[in-house]
Amino acid sequence: MKNTLHDRREFLKTAGKAGMAAGLSFTVLPSFAKDFGYASFYNIGFMQQPLPYNYNALEPHIDAMTMEIHYTKHAATYAKNLQEAAAAEGVDTKKMKLETVLSSISKYSPKMRNNAGGHYNHELFWETMSPKSEKAPDQKLGKAIEKDFGSFDTFKNQFTEAAKNRFGSGWAWLVLTDGNKLVISSTPNQDNPLMDVAEVKGRPLLGLDVWEHAYYLKYQNRRPDYINSWWNVIDWDFVEKRYRKMVND
Ligand code: MN
């Protein structure tokens, strides 16, 4: 098993329960313990979580400076602005799920839309990349991709086209629809498929950030080169687990 943040979260959850059952309290915990109990597959919360790898971990495909600025400036700002919007618009971040806010985003302000989307999208983006990438999913998700797209290569080409052709800033997505069908879509700005305003609605399995801030330092205007490189860092193991959770397998 890979030693990913997800596994560490699972370990902490289990260890925490065992510890509590034994009447123990944990006084010394590693830094990632603050996300104790965080269910990353479904419940992306309102707070920015630690990056699951170092800034340089995805080199040469994504450079360290881009990762650092993207995570500590762009993504951190979405999270901060989301807190502000939530406070101003009566969203209790301790009780409400971020997904619930996204599913009725048309009822909120543009600030909420931009930052709830921005925060959710980036949290998912970090989690779906890994320095120990596999080339393609080979299990249940791999079979579903073959069923719904014909082949992995066809899926890869369609996704790449969606990412290349998104005009301006936005995201490309692999989405699971309510009918459990896999489809590709793209959204402008920080919208995502969970939003009631999305053209294609469903649950995002995998998303690619095609804002210039995600690639300009290394790739400048060459968005297609960035997209091609990103295929080398996808954490298919995570995406497979996320898919299995969604289809209750
Ligand atoms: Mn971004």
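This report walks through some of the salt bridges in the structure above, which is a predicted model.

The count of salt bridges comes to eight. Let's visit three of them, beginning with a pair that links two helices. The side chains of K111 and E84 meet in a salt bridge, with N and O 2.6 Å apart. K111 lies in helix α4 (residues 110-127) and E84 in helix α2 (residues 64-88), so this contact ties together parts that are 27 residues apart in sequence. K111 is partly exposed, with a relative accessible area of 35%, and E84 is partly exposed with a value of 35%.

Now turn to helix α9, which covers residues 236-246. Here K241 pairs with D237 in a salt bridge. These two residues are four apart in the helix, so about one helical turn separates them. K241 is partly exposed at 26% relative accessible area, and D237 is partly exposed at 23%.

Helix α9 also holds E240 and R244, four residues apart, or about one turn of the helix. They form a salt bridge as well. Is E240 buried or exposed? E240 is buried, because its relative accessible area of 3% is under the 20% cut-off. Its partner R244, at 25%, counts as partly exposed. Elsewhere, salt bridges that share partners join K80, E84 and K111 into one network.

Here are the three pairs side by side:

| Salt bridge | Closest N to O distance |
|---|---|
| K111 and E84 | 2.6 Å |
| K241 and D237 | 3.5 Å |
| E240 and R244 | 2.8 Å |

Conventions. Residues are numbered from 1 along each chain as its sequence is written. This is a predicted model: local features need pLDDT of at least 70, side-chain atom pairs count only at pLDDT 80 or more; totals for chains, interfaces and linings use all residues. Side-chain values use heavy atoms; hydrogens and water are left out. A salt bridge is a side-chain nitrogen of Lys or Arg within 4 Å of a carboxyl oxygen of Asp or Glu. Buried means under 20% relative accessible area, exposed over 50%, partly exposed in between (1.4 Å probe, protein chains only).
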